[in-house]
Amino acid sequence: MSGRDGGPMRRRLERLAREFAKFGTVGGLGLLVDLGLFNLLCHFMDVPVVPGGIIATVVAIGFNYLGFRYFTYRERDKDHKSRELTLFLLFSAIGLVIQSGVLYVATSGFGWDSPLQSNAFKFLGIGIATVFRFWSYRTWVFQKLPVARDARQAAGPFLDDPRVVEGDRVT
């Protein structure tokens, strides 16, 4: 019997939905940074489409790291920041290759480089890369705290009370 709250599966899905909403909020703002800078560079400053896309994405990656670390995944492990940043940059670079590859194929391979076409393929590349980033960031970069450590942090001022933290759960 799962009880009134829908059981553990529902709670996990609700947590995942909240995490995805936060990821989407940061990602949406990062998308605005990326597309805004891309259009400024490519269509107002005459920077070629693929290099302009790369520059815009790199700036958005920096913006997104701050948003993910301090908003989306703020409760996750903070003890290994150099590892986290290294993995974030690695997976972001893979996402950058995905995005730029889509843009490159569209513009150089097919000649689709009008402002509307370049924006459409930039957006498509971002969409494909976002699926990869969501999976990799939540799986490898911003790791969950161990259950026992989570419980000790939640216990706060009651940490000295041996009844509060027993093994891996708070009582």
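I began with Arg133, which I found to be buried yet without a salt bridge in this predicted model. The nearest side chain of opposite charge belongs to Asp34, and I read its distance as 6.1 Å; a salt bridge would need a side-chain nitrogen of Lys or Arg within 4 Å of a carboxyl oxygen of Asp or Glu, so this pair does not count as one.

I then looked up what surrounds Arg133, a residue of helix H4. Leaving aside residues up to four places away in sequence, I noted that Arg133 touches Phe23, Thr57, Ser92, Gly95, Leu96 and Gln99.

Next I turned to the packing of H4 (residues 115-141) against H1 (residues 7-44), whose axes come within 10 Å and cross at roughly 145°. I recorded this crossing as right-handed. On the H1 side I listed, among others, Phe23, Asp34, Leu35 and Phe38, and on the H4 side the residues include Lys122, Ile126, Arg133 and Tyr137. Sorting the residues of this contact by class, I wrote down eleven nonpolar, five polar and five charged.

Last I checked helix H2 (residues 49-72), which packs with H4 at an angle of about 35°, the axes lying 12 Å apart. The crossing of H2 and H4 is also one I entered as right-handed. Here Val49, Gly53, Thr57 and Phe68 of H2 meet Ser118, Lys122, Arg133 and Tyr137 of H4, and I noted the classes as three nonpolar, three polar and two charged.

Returning to my starting residue, I see that Arg133 is listed in the contact of H4 with H1 and also in the contact of H4 with H2.

Notes:
Residues are numbered from 1 along each chain as its sequence is written. This is a predicted model: local features need pLDDT of at least 70, side-chain atom pairs count only at pLDDT 80 or more; totals for chains, interfaces and linings use all residues. Side-chain values use heavy atoms; hydrogens and water are left out. Axes are lines fitted to C-alpha atoms, for helices over the stretch in contact, and angles run from 0 to 180 degrees between N-to-C directions. Helices (H or I, at least four residues) and strands (E, at least two) are DSSP runs, numbered from the N terminus. A crossing is left-handed if the near helix is turned anticlockwise from the far one by less than a right angle, and right-handed if clockwise. Contact means heavy atoms within 4.5 Å. Ala, Val, Leu, Ile, Met, Phe, Trp, Tyr, Cys and Pro count as nonpolar, Asp, Glu, Lys and Arg as charged, and the others, Gly among them, as polar. Buried means under 20% relative accessible area, exposed over 50%, partly exposed in between (1.4 Å probe, protein chains only). Lys and Arg count as positive and Asp and Glu as negative; His and the chain ends are not counted.
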